[in-house]
Amino acid sequence: ATIVEFIAQAKTRESAMFTEAEGKSLLSAFGIDTPQGVEIAVGEELPSHLREPLVVKAISTTLVHKSDAGGVRVGVTRAEINEVASQMRDSLADFGHKLDGLLVEEMVPAGHEIIVGAVRAPGLGWTVMVGLGGVLVEVFEDVAFGLAPLSENQIRDMLAELRGMKVLNGARGGVKADIDALVALISRLAGPAGLLASLPEDVTEIDLNPVIVSDTRAVAVDARFVVG
Ligand code: ADP
Ligand code: MG
């Protein structure tokens, strides 16, 4: 499918978003690392190439923040998928959503959770935001902004603005993040030949929340593309 078809489909959904799998296929086309994954119907058998531990995510045309409605389960085995799916169907129903299918992915090894977002600023292009995920973004609002297209040096300068950068560099015995991989990911998104530059006007906002940065990789494990 093409991006034009993704946009047409998104406009038919209450969420006005690409599906997570569509978003990730676009990221992947621009060289951005995403987890191996497949979309299946509830009860359908999982293809054999996916390795445990797995992450199971709800697909629903009305659901935006999946975990808020019990729509994400990490560390799942193949044997558990049907049970997880049925719990997920009940949980989504409690929140007024219908479970349309499952996105089953490989679970990415732990690392630092980074948020990368971009919003189309009328007349200006894309405003790009990067921040340290979880408490650091929500409580301390430790984020940095830039305007696409961003050079690798500009991306490094943005990251250097973050107070939490020490944490990424392995302070307090934590994992030392692969900063080069994170810079490359942001560059593939927001660089001169990046994904943002290729997006039609209808796409107004994107969110990679989180990107998991370990000592060897930076992987976008969630992708939200919003159509205006
Ligand atoms: P939500 O719609 O709630 O934001 P996410 O897709 O971001 O759902 O998943 C919620 C959390 O689950 C993520 O913040 C991350 O910690 C974890 N997670 C999601 N996908 C993966 C994955 N493939 N590997 C490892 N952890 C994951
Ligand atoms: Mg998310």
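**Entry 1. A salt bridge across the chain**

I began with the side chains of Asp 33 and Arg 217, which meet in a salt bridge with N and O 2.9 Å apart. Asp 33 sits in the loop between α2 and β1, and Arg 217 in the loop between β8 and β9, so the bridge ties together parts that are 184 residues apart in sequence. I note here that the model is a predicted one. I then looked up how open the two ends are. Asp 33 has a relative accessible area of 28% and is partly exposed. Arg 217 is partly exposed too, at 31%.

**Entry 2. Other salt bridges**

How many salt bridges are there by this rule? I find a count of 15.

I looked at Asp 142 and Arg 163, whose closest N and O atoms are 3.9 Å apart. I checked this against the cut-off, since a salt bridge needs the nitrogen within 4 Å of a carboxyl oxygen. Asp 142 is in the loop between α4 and β7, while Arg 163 is in the loop between α5 and α6, 21 residues apart. Is Asp 142 buried or exposed? Asp 142 is buried, with a relative accessible area of 4%. Arg 163, in contrast, counts as exposed at 57%.

Next I took Asp 180 and Arg 156, which form a salt bridge of 3.2 Å, N to O. Asp 180 belongs to helix α7 (residues 179–190) and Arg 156 to helix α5, so this pair ties together parts 24 residues apart in sequence. I have Arg 156 down as partly exposed, with a relative accessible area of 32%.

I also found a network of salt bridges that links Glu 20, Lys 24, Lys 57, Lys 66, Glu 105 and Asp 222. Several of these names come up again below.

**Entry 3. Helix α2**

Two members of that network, Glu 20 and Lys 24, lie in helix α2, which runs over residues 20–29. I asked which residues of this helix are buried. They are Glu 20, Glu 22, Gly 23, Lys 24, Leu 26 and Leu 27. I noted a general point on spacing: an α-helix has 3.6 residues a turn, so residues three or four places apart point the same way. Just after α2 comes Gly 31, with a positive phi of about 80°.

**Entry 4. The magnesium ion**

What coordinates the magnesium ion, ligand 2? I find Asn 209, through O, and Asp 222, through OD, at 2.1 Å. Asn 209 is in strand β8 (residues 203–213) and Asp 222 in the loop between β9 and β10, so I count the link as one between distant parts of the chain, 13 residues apart. Asn 209 is partly exposed, with a relative accessible area of 35%. Asp 222 counts as buried at 18%, because the limit for buried is under 20%. Asp 222 is also a member of the salt-bridge network in entry 2.

**Entry 5. Ligand 1**

I counted the surroundings of ligand 1: 18 residues, the closest being Lys 57, Lys 66, Ser 67, Val 108 and Glu 113. Lys 57 and Lys 66 are in the salt-bridge network as well.

I then went through polar contacts. A side-chain N or O atom of Lys 66 is 2.8 Å from an oxygen of ligand 1. Glu 113 places a polar side-chain atom 2.6 Å from an oxygen of ligand 1. With Glu 106, a polar backbone atom is 3.1 Å from a nitrogen of the ligand. How much of ligand 1 does the protein bury? Ligand 1 taken alone exposes 540 Å², and the protein buries 83% of that.

**Entry 6. Aromatic rings**

My search of the whole structure gave 2 aromatic pairs. For Phe 18 and Phe 225, the ring centres are 5.2 Å apart and the planes at 5°, so the pair is stacked. Phe 18 is in the loop between α1 and α2, and Phe 225 in strand β10, 207 residues apart. Both ends are buried: Phe 18 has a relative accessible area of 2%, and Phe 225 has 0%. Ring pairs link Phe 6, Phe 18 and Phe 225 into a cluster.

**Entry 7. Pro 122**

Last, I looked up Pro 122, in the loop between β5 (112–121) and β6 (125–132). Is Pro 122 buried or exposed? At 80% relative accessibility, Pro 122 counts as exposed. From Pro 122 to Ile 3 I have 21 Å, C-alpha to C-alpha, with their places 119 residues apart in sequence.

How values were computed:
Residues are numbered from 1 along each chain as its sequence is written. Chains are lettered from A and ligands numbered from 1 in the order in which they are written. This is a predicted model: local features need pLDDT of at least 70, side-chain atom pairs count only at pLDDT 80 or more; totals for chains, interfaces and linings use all residues. Side-chain values use heavy atoms; hydrogens and water are left out. Donors are N, O and S atoms within 2.8 Å of the metal (3.2 Å for Na, K and Ca); water is not among the atoms, so sites may look incomplete. Helices (H or I, at least four residues) and strands (E, at least two) are DSSP runs, numbered from the N terminus. Buried means under 20% relative accessible area, exposed over 50%, partly exposed in between (1.4 Å probe, protein chains only). Rings of Phe, Tyr and Trp (its six-membered ring) pair if their centres lie within 6.5 Å; planes under 30 degrees apart count as stacked, over 60 as edge-to-face and the rest as tilted. A residue is near a molecule or strand if one of its heavy atoms lies within 4 Å of it. A polar contact is a pair of N or O atoms within 3.5 Å; within protein, one must be able to donate a hydrogen and the other to accept it, and residues adjacent in sequence count only if both atoms are side-chain atoms. Accessible areas come from the Shrake-Rupley method with a 1.4 Å probe; for residues, only the protein chains shown count as cover.
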